[in-house]
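Here are some exercises to work through with the coordinates open beside you. Try each task on your own before you read its solution.

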Protein chains: 8
Amino acid sequence: MDRTDILQCLEEVAKGTLTPEQALQELIELPYKDLGFAKVDFHRNIRNGGTETIFCPGKTIDQIVEIFKVLASKSKNVMATRASQEIFQAVKEAVPEVEYNTQARIVYVWRDKQKTQGKVGVVSAGTADIPVAEEAALTAQIMGSDVERIYDVGVAGIHRLFDRRKEIQSCRVLVVVAGMEGALASVIGGLVSQPVIAVPTSIGYGASFHGLAALLSMLNSCASGVSVVNIDNGFGAGVLAHRINMLGETR
Amino acid sequence: MDRTDILQCLEEVAKGTLTPEQALQELIELPYKDLGFAKVDFHRNIRNGGTETIFCPGKTIDQIVEIFKVLASKSKNVMATRASQEIFQAVKEAVPEVEYNTQARIVYVWRDKQKTQGKVGVVSAGTADIPVAEEAALTAQIMGSDVERIYDVGVAGIHRLFDRRKEIQSCRVLVVVAGMEGALASVIGGLVSQPVIAVPTSIGYGASFHGLAALLSMLNSCASGVSVVNIDNGFGAGVLAHRINMLGETR
Amino acid sequence: MDRTDILQCLEEVAKGTLTPEQALQELIELPYKDLGFAKVDFHRNIRNGGTETIFCPGKTIDQIVEIFKVLASKSKNVMATRASQEIFQAVKEAVPEVEYNTQARIVYVWRDKQKTQGKVGVVSAGTADIPVAEEAALTAQIMGSDVERIYDVGVAGIHRLFDRRKEIQSCRVLVVVAGMEGALASVIGGLVSQPVIAVPTSIGYGASFHGLAALLSMLNSCASGVSVVNIDNGFGAGVLAHRINMLGETR
Amino acid sequence: MDRTDILQCLEEVAKGTLTPEQALQELIELPYKDLGFAKVDFHRNIRNGGTETIFCPGKTIDQIVEIFKVLASKSKNVMATRASQEIFQAVKEAVPEVEYNTQARIVYVWRDKQKTQGKVGVVSAGTADIPVAEEAALTAQIMGSDVERIYDVGVAGIHRLFDRRKEIQSCRVLVVVAGMEGALASVIGGLVSQPVIAVPTSIGYGASFHGLAALLSMLNSCASGVSVVNIDNGFGAGVLAHRINMLGETR
Amino acid sequence: MDRTDILQCLEEVAKGTLTPEQALQELIELPYKDLGFAKVDFHRNIRNGGTETIFCPGKTIDQIVEIFKVLASKSKNVMATRASQEIFQAVKEAVPEVEYNTQARIVYVWRDKQKTQGKVGVVSAGTADIPVAEEAALTAQIMGSDVERIYDVGVAGIHRLFDRRKEIQSCRVLVVVAGMEGALASVIGGLVSQPVIAVPTSIGYGASFHGLAALLSMLNSCASGVSVVNIDNGFGAGVLAHRINMLGETR
Amino acid sequence: MDRTDILQCLEEVAKGTLTPEQALQELIELPYKDLGFAKVDFHRNIRNGGTETIFCPGKTIDQIVEIFKVLASKSKNVMATRASQEIFQAVKEAVPEVEYNTQARIVYVWRDKQKTQGKVGVVSAGTADIPVAEEAALTAQIMGSDVERIYDVGVAGIHRLFDRRKEIQSCRVLVVVAGMEGALASVIGGLVSQPVIAVPTSIGYGASFHGLAALLSMLNSCASGVSVVNIDNGFGAGVLAHRINMLGETR
Amino acid sequence: MDRTDILQCLEEVAKGTLTPEQALQELIELPYKDLGFAKVDFHRNIRNGGTETIFCPGKTIDQIVEIFKVLASKSKNVMATRASQEIFQAVKEAVPEVEYNTQARIVYVWRDKQKTQGKVGVVSAGTADIPVAEEAALTAQIMGSDVERIYDVGVAGIHRLFDRRKEIQSCRVLVVVAGMEGALASVIGGLVSQPVIAVPTSIGYGASFHGLAALLSMLNSCASGVSVVNIDNGFGAGVLAHRINMLGETR
Amino acid sequence: MDRTDILQCLEEVAKGTLTPEQALQELIELPYKDLGFAKVDFHRNIRNGGTETIFCPGKTIDQIVEIFKVLASKSKNVMATRASQEIFQAVKEAVPEVEYNTQARIVYVWRDKQKTQGKVGVVSAGTADIPVAEEAALTAQIMGSDVERIYDVGVAGIHRLFDRRKEIQSCRVLVVVAGMEGALASVIGGLVSQPVIAVPTSIGYGASFHGLAALLSMLNSCASGVSVVNIDNGFGAGVLAHRINMLGETR
């Protein structure tokens, strides 16, 4: 609702086709509607396949079940991330159609299975990084992106990475998930011209300091086109990758 | 070039329709061509408007001038980042057409002025953040993106940010530059559904620890769709923003 | 007991209406009384509604019960913070009238329910920050302040924050509780001219480093008028907010 | 402008006493006016004695002079903080009446010398902490607070601190400035019931890590009622102290 | 295989002495064979006694058992590091001949017991450092090195270290394992001219920060010839020591 | 055994009053005896009342029992620090006379109860610091020092500290135990001219970072004469305090 | 002035031999006099040879000259630490008899040259550590201790350390000064039973992090009897060593 | 000199073929000779081509010249590291034959130019890393190793690295020098089975934290066989590489 909408509304009041009370009802929401930001929220859901997300940590199981029920009644796709098996069981009793991806730790209802033409590539280094990679991959999928998984291609055996080069280069945007020293992000960043979203994981020990080594490594990547999200933030990477992927879709 | 390509090429050699030298020419580049990664490099320049970049710190002025001359004879657009006035003077003697953006600290030749339909929005918080913002903006511009500058909209005066909301929302991808506590990235991230690249700056003092506060703040952003580059890395943000922007262009 | 009190006492000795032994008894406590600091303690209790507080961690349940009993026999209001359900049960056996606020984790006796005219506003970002917010809110309440709770108004959905702007601005002092990147403190600080006490929480993961990101963010707030307490220190914020609130009461 | 104001405005349109264009003009500014935040800004200046502030680092001398001139023509009191002697000279040429406090490093015009009944106490530990203390003190003074300076009372000679106890206790709010281990904040916090704003300074060496030791010390203060601002942030402490001080004034 | 090799191969195809299929076979492996890196992998196993290693953390017991079975059917020596007793039991059911070293936490099959002439010396400071030392020692042994264990020779009782000097100096390469302040690495480094691999351990408390103190200490060793691996990385030190040891074997 | 001792020994061999074998026996221990450092060890035990100490963490209960038995058969006083109740039970079966101090977590045999004339003062801030304080106190006592405990005198209630000033000043050396911000060390250091050994404890939360805040605070103490041991290292402080105390005894 | 003193004073008032005003005068100072802490200050100077010290950083040259003049007129020995050549020249003009130790960076007047029977040993690792070692040594000397310098005995050449073992063991208390990895403190601590004061220096580069590596190393020393002062704090170590040394003097 | 040597010596004394004084002379050096460590020093020089090294920082130019003169008169090869142009000039006046490598910042006399059969490979990432790489390379060369330089092969252009693969694999030991994210060490470590010594450099900005990012990255390398030296420590890497290289020489 912009300047002309308001003027039109006011003219209807002047003409009497709209009572002041009706106009008030419309204008009262103006601070948000006019800000245009609420529209954004609306748009976002449509373009994201209507995926609402619950971040489980810090919420009780009852709270999660309650929110999930409400969201599942309104939106086609709903996700609860960082969800335990226990949470899955509880949600399942309330919303029997939910599924659970053990590795991604996501409880979800996925009714609207859209699939983009372009692909989000999720590349991961070691087996232990797969849960975070899966969180990113499943998030992007439920939101509507086609996802290519390229796992277990750490730099310690760089030929395995080269075997998958075609698949890597065929993606529109890449999520690179790696713990320990996180060198994979730089190597991929040096090989492709697509946007790369690096996800440091907390995998490692000692001087990895719970992911700090990988995080700093990725932030200092000598390759251009690499940006970084929080340690273990597969969800955030998945959302961002999906949004970037959407830009390339012909609309 | 995969298995069948090579076989076909070899069969042509066997048939005599391709001389060994011709075949060699084709195959010799195979380690790179076949890797597909050299092609990428090639593509990148074309799509980026052929912009080659020199990162000045750690190079002598003579080295910079020499590299700049070579690149400027081959590529349409050339940039030298983190360049001092002194470097500009030295390069100018060798390549008289160079220009210098004092704030962005970029010395550049910009012959091929392409301009995308979609815009990269560069949003910055305080006046002191402008040099990093300009580095991002000019980088994206020289590479071929249309850029919208939205400066001085820090969260301490959030109404100024709201005045610019239309421009912010009209961009395809956003670079958010902020020092001190870096809260701007979260606020923008909460307002838009476009990809947001956050650039922490070293602006601040005391417990900002040369940009660490802003960096951590941005990595922990409660808004989805925000990723982060290194402290003060305007160039990296500009490159990445341009690449993401290019995805939305109709080709 | 100040200069004139002592002189008066000495004159009574000179007059013989007070024996030296009696005077000694009175003066012997002078080092503290005269320091004036003990008076402060006295005053503090009166103004705070006589609230004595036990910080539970590092004390055995027996110790806590014992101290609580003694305090509850002397003071109208008594609080035990960071108290588990188990501690509540044990204290309840000794002092049956105690209550327990599960979220705030405070066991308390609240006999003297004063209520200031001005309000302490407790604003929090995410659901997971509520326990710390509640600790601050209940602390200020038991001490005698009227408290306004404004929860779940994180910057990722800034319109929810704006919906509550009237309530926020109606408070005399604000406690802002936020984890992750802690941007809420800066946004609130930019919107109001009241004193803001920021409480970083340990909510988050990865590069939040158990609240360090929020702490640094808040310390570097670009808004004036913001000061910070320790991570998760809801109690400290509640005490300080109450003291500031008291300054505005007409006495 | 709230609900009833809008309704009234709309009824005038319905009645024809206001044209749609006139109503539009009024309503179009509603997002800010109605937000009430702009009013806050207005209020703030009035209550703060109309003190506008320029933070010098990151601005050129020309920029500072220009901004100072504009502000000095509109506001009674204007401050430029972290200002060098050179900045002072430049501003003085444009605004001859400016003064300069060398220790506080503040260039200022102070035409409206209001003075509160209550006092802001600024307490500092060592001689090297005085510049930060002076920044706090002068800031609070120019904003309109009466200020009591209690300097050089570090805990290594605690009797000097006790000599000043009367003055300390007579203040309405205290700013405590200390470097090295910052113990002074806890000692003062233990002695008074007034709000204490602790300012860690970067004074020290070795394991002081440029003020980190004092900062952490103050954040962990065992005394209630202590909050902390950024290292060396005398200005922020001064602003906050003034705001708290204002709460106690009879209006 | 370089330029001339390929040309020669192609000429043979042109001449008909090599069919396209045969040439393909040769060329198809070119990306790896020609890289020469795959050969390395092959070589490595032979020289290391064919020891394949599984790093257990982040893998399920089922995964570990499966991988172990496959490797044990192909390689003579197989190790699983950071393995719990539970993992040992599970692997034992599938591969009955496995053994378990409780201290080193290694499950292993050790069929090919080669033994170098030169020795790897593993020196450790305190009793609590022995698990990491054993991980290094057993790793080097299974890979084929003769190992000398010199335990419990911390610098707090430097005469015990001197009692073992002959054994220390008789080794070809030394692994020095120490927690707390890690001074042993410097002392050994000052006494010998052999390569020293320092392994900081997480043993300690308080300001050891989980091995950081020992790590920094070892990185700053005033003795030449000392390099460092990650905290608690006995395995890495064992592998590297074995490789260095192999250089001195007459082949 | 110095130059003249050796010469004398050799002359006896020359004279035949000592056989080469007897001389060998004497000289063979020369590397240590002559170093004079072994003598030190001998001295140390005598002066310390023969107290041998076992640091329990990282040792199995069996190992601890075994070492304790051996030491208890040779030395009058034996201590096992950081010992659990379970360790106490196990040692008690082997050495029935052992005692256990639950707070100090020390299992000990204390047969030789010497007591110095001078006193070691152990001062602690909060109740939660008492375990570390007790470890220091009991360590010094078993080694032979008279110990004065001055507990619960934190700076938040500085008058309680002043009540105990006589006792504090009557000690020859002071151990100051404090967590949180550790300000007590500076306050005591400013009040006395005796050596002060500061022990930071890990008591606190949030930005105490497990004792780092107190550690840095104490290292930066503005008072002279303060030195610091590791976080929670009550034992180390007790040993050092005893050694300093011994210097003042008339021998 | 204790209980009986006060009683006596009151009885004189009762008797009339003291007017209430006179008694007031006496009692009013009681808080300090009775605290006894001022006496301590007095005592301290006498025992320390009356050495007053000025810490130069953060003071102007004029301030330093002024303070030095005053102190030099009252005390026999005066020191100004961290003093530049320039400061020396300025002080020399005001107090011609001052001397300057370039390495220790101390400007001093040393009229009362007492010398203890026991010795403070100052041991340092590398040549670059000597300035800090000299600061400690000269401080202890001017205060009245006999000092033994044992320099350049780093652990990388441990035989040089053993050559000096007699001198090391002949001291009553040891100051050990070392940068880089600071291992010397542990080695000395393991060799002697005297109190050891470790001084980490900022000597080193890279991961020494300006002395942090040495600091952590020393705090985690595996040897008992070692305590630590701030990085580069030679003065603090000298003062403390002198105080400990004084305990062993027969008085 | 071991047990039997001493016995033999004593028997000669008993027989009279050795006077006690002669025997004393022999035995008196026993603590060091017998320790065998002095021999080591001797051996080291012979094997290292007799290279003595001076670390310049923290020494005056006069000291450096003096030490260099002495060493150059005794040893064939002498190096002074981290030497400025100014130091070179000063040394050159005293020892005219010295040379200076500007990049490596080494002043040296290289009379004995031995050259091993095996090669030390020095691999570096960016141009800015070359000074540290040169320090490593020249150090190893002067000590007697043949050195292969493979520069400018960072992972951002991984094909350049592959072009040099033959040279990399032909070396006996590799020094890998990289700043920023230090990923090169992992990539090389994954490609070769030779020992890899990783040298993080301080090249980078922002979150590189002066080399910390590269250091942590290298310590967490997912490739086996990688160990790490201090940030910018080219010299240490060169010494260690030479020692490892020597193990493979046929002696």
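**Exercise 1. Find what the buried residues of H6(A) pack against.**

Step 1. Start with the burial of helix H6 (residues 85-94) of chain A: A:Ile87, A:Phe88, A:Ala90 and A:Val91 are buried. Buried means under 20% relative accessible area, exposed means over 50%, and partly exposed lies in between, with a 1.4 Å probe and protein chains only. Helices (H or I, at least four residues) and strands (E, at least two) are DSSP runs, numbered from the N terminus.

Step 2. Now look down the axis. The four buried residues sit on the same side of H6(A) because they cover an arc of only 170° around the axis. That arc is taken over the directions from the helix axis to the C-beta atoms.

Step 3. List the partners. The buried residues of H6(A) pack against helix H5 (61-74), strand S3 (99-101) and strand S4 (106-110) of chain A; contact means heavy atoms within 4.5 Å.

Step 4. Turn to the other face. Away from the buried side, H6(A) carries the exposed residues A:Glu86 and A:Glu93.

A note on the ground rules: this is a predicted model, in which local features need pLDDT of at least 70 and side-chain atom pairs count only at pLDDT 80 or more, while totals for chains, interfaces and linings use all residues. Residues are numbered from 1 along each chain as its sequence is written, chains are lettered from A and ligands numbered from 1 in the order in which they are written, and side-chain values use heavy atoms, with hydrogens and water left out.

**Exercise 2. Work out where three salt bridges lie in their chains.**

Step 1. Fix the criterion: a side-chain nitrogen of Lys or Arg within 4 Å of a carboxyl oxygen of Asp or Glu. Over all chains, the structure holds 64 salt bridges.

Step 2. Take A:Lys69 and A:Glu66, whose closest N and O atoms are 3.9 Å apart. Both residues lie in helix H5 of chain A, three residues apart, about one turn of the helix. An α-helix has 3.6 residues a turn, so residues three or four places apart point the same way. A:Lys69 counts as partly exposed at 36% relative accessibility, and A:Glu66 counts as partly exposed at 44%.

Step 3. Next comes A:Arg111 with A:Glu97, where the closest N and O atoms are 2.7 Å apart. This pair links distant parts of the chain, 14 residues apart: A:Arg111 is in the loop between S4 and strand S5 (119-124) of chain A, and A:Glu97 is in the loop between H6 and S3 of chain A. A:Arg111 is partly exposed at 37% relative accessibility, as A:Glu97 is at 43%.

Step 4. Finish in chain B, where the side chains of B:Asp146 and B:Lys115 meet at 3.9 Å, N to O. The two are 31 residues apart, with B:Asp146 in strand S6 (residues 146-150) and B:Lys115 in the loop between strand S4 (106-110) and strand S5 (119-124) of chain B. B:Asp146 is buried, with a relative accessible area of 18%, whereas B:Lys115 is exposed, at 61%.

**Exercise 3. Describe the surroundings of strand S5 (residues 119-124) of chain G.**

Step 1. Check the burial: five of the six residues of S5(G) are buried, and the strand is mostly covered.

Step 2. Find the strand partners, where a pair needs at least two DSSP bridges. S5(G) pairs in the parallel sense with strand S6 (residues 146-150) of chain G over five bridges. Strand S7 (residues 173-178) of chain G also pairs with S5(G) in the parallel sense, over five bridges.

Step 3. Follow one residue. G:Val122 has G:Arg149 as its bridge partner in S6(G), and G:Val175 stands opposite G:Val122 in S7(G).

Step 4. Trace the connection. S5(G), helix H7 (residues 130-143) of chain G and S6(G) make a right-handed β-α-β unit. Right-handed means that, with the strands pointing away from the viewer, the path from the first strand over the helix to the second runs clockwise.

**Exercise 4. Locate H:Arg172 and list what it touches.**

Step 1. H:Arg172 is found in the loop between helix H9 (165-169) and strand S7 (173-178) of chain H. At 15% relative accessibility, H:Arg172 counts as buried.

Step 2. Leaving out residues up to four places away in sequence, the residues that H:Arg172 touches include E:Leu247, H:Gly118, H:Gln194 and H:Asn245. H:Arg172 and H:Asn245 are 73 residues apart in sequence and 6.2 Å apart in space, C-alpha to C-alpha.
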